[in-house]
Amino acid sequence: MNEPVTLSDSQDRFLAQTTWDRNVVVIAGAGTGKTTILVSRMLNLLMREPQPLAITEIVALTFTNKAATEMKQRLRRELTKLAEQTDEPLCALFCARYQLSIGQVKERAEVALAQFEKAQIGTLHSFAAHLLRLHPLESGVDPSFQEDDGTRFNELFDSRWRVWLAEELGNE
C-alpha cells in the first residue's frame, strides 16, 4: 500500500491556497504545481466562509495562451466534479474546512460554472484589452480597436517612441 507523500513545502502550499488578507507570490520552476495551487486557490475563494467570491470577482492572469487555457480547463474540470458530486474527497474537504453542506458546495460550483465564461481568467494581454474596451475614452484608444499578433504594437511603439524622444530630448 502506498503511503501519501508529504511535500516539504506543504504548509506553504496550503497558505498559498487559503491566505486572503494579503497577496501571495509563488515562485517555482516548471512542473512544480503552480497551476494546481492557483486552481485550488480559486476553488477556495469560491467556497470559503465567510464571504465567498463569485467567479466574476476573481482575476487570474498568466503570460501565455497555453497556460491560460490549462488553468481554465482545470478549474472547469474541478468545478464540474464538485457540481456533479464526483470528487468526494474534495467536496468533503470544503465541507469540513468551511462548515458547508454538500448541497452548498454543489450549488456554489453550479453558479460558478454558469458564470464561467464571464470570468477574467486568461493572459495579461487579454485582460488589458478587456480593460481598454471597458474604458476606451479614458484610455485614449479607439473603442473598436482590435488585438493583433503584436506587429501593430511594434509599429505604433516605434512611431510614438520617436515622438516622445523628440519631445523629451528636443530636436537636435
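L75 reaches well beyond its own stretch of chain. Leaving aside neighbours within four places in sequence, L75 is in contact with V39, M42, L43, I55, F116 and I121. The model is a predicted one. L75 falls in α3, which spans 65-84. V39, M42 and L43 fall in α2, which spans 34-47. I121 falls in β2, residues 120-123.

These contacts lead into the core. The largest nonpolar core has 26 residues. L75, L79 and L82 have the most contacts inside it. Four helices, α2, α3, α4 and α5 (102-114), each supply at least two residues of this core. Which helix gives the most? α2 does, with six residues.

Now turn to the N-terminal helix. α1 covers residues 10-18. Within α1, A16, Q17 and T18 are buried. The buried residues of α1 pack against α2 and α4.

T19 comes next, in the loop between α1 and α2. Is T19 buried or exposed? T19 counts as buried, because its relative accessibility is 7% and the cut-off is under 20%. A polar atom of the T19 side chain lies 2.6 Å from the backbone oxygen of L15. Not counting residues up to four places away in sequence, T19 also touches V24 and R41. R41 belongs to the stretch 34-47, that is, α2.

The loop between α2 and β1 (59-62) deserves a slower look. Most residues other than glycine have a negative phi, and most peptide bonds are trans. This loop departs from both habits. A cis peptide bond joins E49 and P50, with omega about -10°. P50 sits in the loop between α2 and β1. Q51 is in that loop as well. Phi of Q51 is positive, near 60°, although Q51 is not a glycine. Q51 is exposed, with a relative accessible area of 60%.

Another positive phi appears further along the chain. Q85, also not a glycine, has a phi of about 60°. Q85 lies in the loop between α3 and α4 (88-98). How covered is Q85? Q85 is partly exposed, at a relative accessible area of 30%.

Charged pairs come next. Side chains of opposite charge can pair when their charged atoms come close. The model holds seven salt bridges. One of them joins R13 and D9, with the closest N and O atoms 2.9 Å apart. D9 is partly exposed, at 28% relative accessibility.

A second pair brings back E49 from the cis bond. The side chains of R108 and E49 meet in a salt bridge, 2.1 Å from N to O. Which parts of the chain does this pair link? R108 is in helix α5, and E49 is in the loop between α2 and β1. The two residues are 59 residues apart, so the pair links distant parts of the chain. R108 is buried, with a relative accessible area of 19%. E49 is partly exposed, at 37%.A third pair involves E117 and R76. Their side chains meet in a salt bridge, 2.5 Å from N to O. E117 lies in the loop between α5 and β2, and R76 in helix α3, so this pair ties together parts that are 41 residues apart in sequence. E117 is exposed, at 61% relative accessibility. R76, by contrast, is partly exposed, at 34%.

Last, the nonpolar surface. V59, L61, F63 and L124 make a nonpolar surface patch of about 380 Å². V59 and L61 fall within β1, residues 59-62. L124 is found in helix α6, residues 124-134. L124 is partly exposed, with a relative accessible area of 39%.

Conventions: Residues numbered from 1 in each chain as written. Predicted model: local features only at pLDDT ≥ 70, side-chain atom pairs only at ≥ 80, totals over all residues. Heavy atoms only, no water. Buried < 20%, exposed > 50% of the residue type's maximum accessible area, 1.4 Å probe, protein only. Core = buried A, V, L, I, M, F, W, Y, C linked by side-chain atoms within 4.5 Å. Contact = heavy atoms within 4.5 Å. Patch = residues over 30% accessible without salt bridge, like charges linked within 9 Å, V, L, I, M, F, W, Y side chains within 5 Å. Areas by Shrake-Rupley, 256 points an atom, 1.4 Å probe, with all protein chains shown as cover. Salt bridge = Lys/Arg side-chain N within 4 Å of Asp/Glu carboxyl O. Polar contact = N/O pair within 3.5 Å; in protein donor to acceptor, adjacent residues only side chain to side chain.
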